[in-house]
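Got the viewer open and the selection box ready? Let's take a walk through this one, stop by stop.

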Amino acid sequence: MKNKIGTKESPLALQTPPLTSNYTMHMDEKEGKEVLVCTVGKTVLLYDYRCLADLHAMLKKQGDWIELGSADEQKPAKD
């Protein structure tokens, strides 16, 4: 999974869903921990890589699909 995310030298180039903004993602290490680095313009956001590893494991366990229970603002969310 790490190889698909990119490196500092060759980050993964992405666009927001409405295709209005570009951003990049790559793996790095900070203070001895693996981090996911998201760069949007001059803004740099760091996320603990374990969140992706945990999500990947959870999705695999559930058959790659989990209903989140979201709903339109005017409707109650599913349990």
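Start by selecting residues 48 and 50: aspartate 48 forms a salt bridge with arginine 50, and the closest N and O atoms sit 2.8 Å apart. This is a predicted model, so keep in mind that you are looking at computed coordinates throughout. Side chains of opposite charge can pair when their charged atoms come close. How exposed are the two partners? Aspartate 48 is partly exposed, because its relative accessible area is 29%, while arginine 50 reaches 55% and so counts as exposed. Don't go hunting for a second pair like this, as the count comes to one salt bridge.

**Zoom out: the whole chain**

Switch to cartoon and colour by secondary structure. You should find two helices and four strands, and going from the N terminus the order reads α-β-β-β-β-α. Now put a surface on the chain of 79 residues, 14% of which count as buried. The accessible surface is about 6,800 Å², with 54% of that belonging to carbon and sulfur atoms. If you like contact maps, take the contacts between residues at least 6 apart in sequence: 12% of them join residues at least 24 apart.

**Strands E3 and E4**

Select residues 33–40 for strand E3 and 43–48 for strand E4; the two run antiparallel and are joined by six bridges. Which residue of E4 stands opposite leucine 36? Click across and you land on tyrosine 47. Then follow the hairpin round its turn, where two residues lie between the strands and glycine 41 takes a positive phi near 60°.

**Strands E1 and E2**

Next, select 12–15 for strand E1 and 22–30 for strand E2. These also run antiparallel, with four bridges between them, and leucine 14 stands opposite tyrosine 23 in E2. This hairpin has six residues between its strands.

Two stops in that loop are worth a click:

- Leucine 19 has a positive phi of about 60° although it is not a glycine. Its relative accessibility is 59%, so it counts as exposed.
- Serine 21, in the loop between E1 and E2, is partly exposed at 31% relative accessibility. Leaving out neighbours within four places in sequence, serine 21 is in contact with Leu14, Gln15 and Thr16. Try a distance label from its C-alpha to that of valine 40: 19 residues separate the two along the chain, and the label should read 8.1 Å.

While you're checking backbone angles, jump to glutamate 31 in the loop between E2 and E3. Glutamate 31 has a positive phi of about 55° although it is not a glycine, and it is exposed, with 76% relative accessible area.

**Into the core**

Hide the surface and show sticks for Ile5, Met25, Met27, Leu36, Cys38 and Tyr49, the six residues of the largest nonpolar core. Strands E2 and E3 are the elements that give two or more residues to this core. In soluble globular proteins, nonpolar side chains tend to be buried together.

Centre on isoleucine 5 and expand the selection. Not counting residues up to four places away in sequence, isoleucine 5 touches Leu12, Met25, His26, Met27, Leu36, Tyr49 and Leu52.

From that list, hop to histidine 26, which lies in strand E2. Is histidine 26 buried or exposed? Buried, since its relative accessible area is 7% and the cut-off is under 20%. Leaving aside its neighbours within four places in sequence, its contacts are Ile5, Gly6, Thr7, Lys8, Pro11, Val35, Leu36 and Val37.

**Last stop: helix H2**

Select residues 50–61, which make up helix H2. Here's a quick sanity check: at 1.5 Å a residue, its 12 residues should span 16 Å, and the end C-alpha atoms are 16 Å apart, so the two agree. Inside H2, pick leucine 59, which counts as partly exposed because its relative accessibility is 26%. Setting aside neighbours within four places in sequence, leucine 59 is in contact with Asp64, Trp65 and Ile66. On the way to those residues, pause at glycine 63 just after H2, where phi is positive at about 80°.

Key
Residues are numbered from 1 along each chain as its sequence is written. This is a predicted model: local features need pLDDT of at least 70, side-chain atom pairs count only at pLDDT 80 or more; totals for chains, interfaces and linings use all residues. Side-chain values use heavy atoms; hydrogens and water are left out. Two strands pair if DSSP finds at least two bridges between them. Buried means under 20% relative accessible area, exposed over 50%, partly exposed in between (1.4 Å probe, protein chains only). Contact means heavy atoms within 4.5 Å. Accessible areas come from the Shrake-Rupley method with a 1.4 Å probe; for residues, only the protein chains shown count as cover. A nonpolar core is a set of buried Ala, Val, Leu, Ile, Met, Phe, Trp, Tyr and Cys residues joined through side-chain atoms within 4.5 Å. The expected span of a helix is 1.5 Å times one less than its number of residues. A salt bridge is a side-chain nitrogen of Lys or Arg within 4 Å of a carboxyl oxygen of Asp or Glu.
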